[in-house]
Amino acid sequence: MVIINLFSKNKLFLLLILILLCYQSLLSWEYFNYRIKKNVMVRMSDGIYLACDLYLPVKKQKYPVIFNRTPYNKENLGSSLGKYFAQRGYAVVVQDSRGKFASEGIFLPLINDGKDAKETMDWIGKQYWCNGKVGFWGSSYSSHSGFYLGAINHPLLKTCLLYTS
């Protein structure tokens with residue numbers, strides 16, 4: 001009551017806005033900014049390199065990971081998915097399928113997707129930014145890798161969001 005008497009409602013509102021803006025600016029560097037590593041090449045057991053874009057929060061620590069593989073060009077998908085989740089404390093890995101866009105090899109639908117997904121998951125688990133919890137996200141063709149990872153019960157896989165497959 002005393003504070004309300006000392007300040008008008010307009011001044012209290014402005015003070016609250018100022019506090020929130022200061023709080024957001026303090027958090028924004030560490031919690032809302034992210035870094036991108038483009039075309040990180042991950043070696044498969046047969047010597048083929050698959051291209052990944054990594055979206056990582058600025059603070060160098062371990063994070064849960066969201067993983068997606070796509071034959072539709074990681075550049076299109078990663079820019080929105082990666083940015084959104086990296087700003088919210090997730091590491092995001094978006095990979096071009098074998099033989100597509102920046103990845104090496106020959107694209108043979110469904111032939112190498114399971115093996116490539118498993119080997120990429122193994123690679124993710126060895127990275128300093130992975131806390132051991134990986135979720136796979138995929139729609140349409142991209143969901144096939146998620147089905148495979150679920151079927152083999154990959155130890156890092158904690159959840160799958162698969163739709164329109």
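Colleague: Is Lys38 buried, exposed or partly exposed?
Modeller: At 40% relative accessibility, Lys38 counts as partly exposed (buried is under 20% relative accessible area, exposed over 50%, partly exposed in between, with a 1.4 Å probe and protein chains only). This is a predicted model, where local features need pLDDT of at least 70, side-chain atom pairs count only at pLDDT 80 or more, and totals for chains, interfaces and linings use all residues. Residues are numbered from 1 along each chain as its sequence is written, and side-chain values use heavy atoms, leaving out hydrogens and water.

Colleague: OK, what does Lys38 form a salt bridge with?
Modeller: With Glu75, and the closest N and O atoms are 3.1 Å apart. A salt bridge here is a side-chain nitrogen of Lys or Arg within 4 Å of a carboxyl oxygen of Asp or Glu. This pair links distant parts of the chain, with Glu75 in helix H3 and Lys38 in strand S1 (residues 34-43), 37 residues apart. Helices (H or I, at least four residues) and strands (E, at least two) are DSSP runs, numbered from the N terminus.

Colleague: And how accessible is Glu75?
Modeller: Glu75 is partly exposed, at 32%.

Colleague: What about Lys74, which residue does that one pair with?
Modeller: Lys74 forms a salt bridge with Asp96, the closest N and O atoms being 4.0 Å apart. That pair also links distant parts of the chain: Lys74 sits in helix H3 and Asp96 in strand S4, 22 residues apart. Lys74 and Asp96 are both buried.

Colleague: How many salt bridges does the structure hold?
Modeller: There are 13. Some form a network linking Asp46, Arg69, Arg98, Asp113, Lys115, Asp116 and Glu119.

Colleague: In that network, how far apart are the closest N and O atoms of Asp116 and Lys115?
Modeller: They are 3.5 Å apart. Asp116 is buried at 0%, whereas Lys115 is partly exposed at 29%.

Colleague: Switching topic: what is the phi of Asn73?
Modeller: Near 90°, so a positive value in a residue that isn't glycine. Most residues other than glycine have a negative phi. Asn73 lies in the loop between strand S3 (63-70) and helix H3 (74-86), and Asn73 is buried, with a relative accessible area of 15%.

Colleague: And where does Ser140 lie?
Modeller: In the loop between strand S5 (130-139) and helix H5 (143-151). Ser140 has a positive phi too, about 55°, and is partly exposed at 30%.
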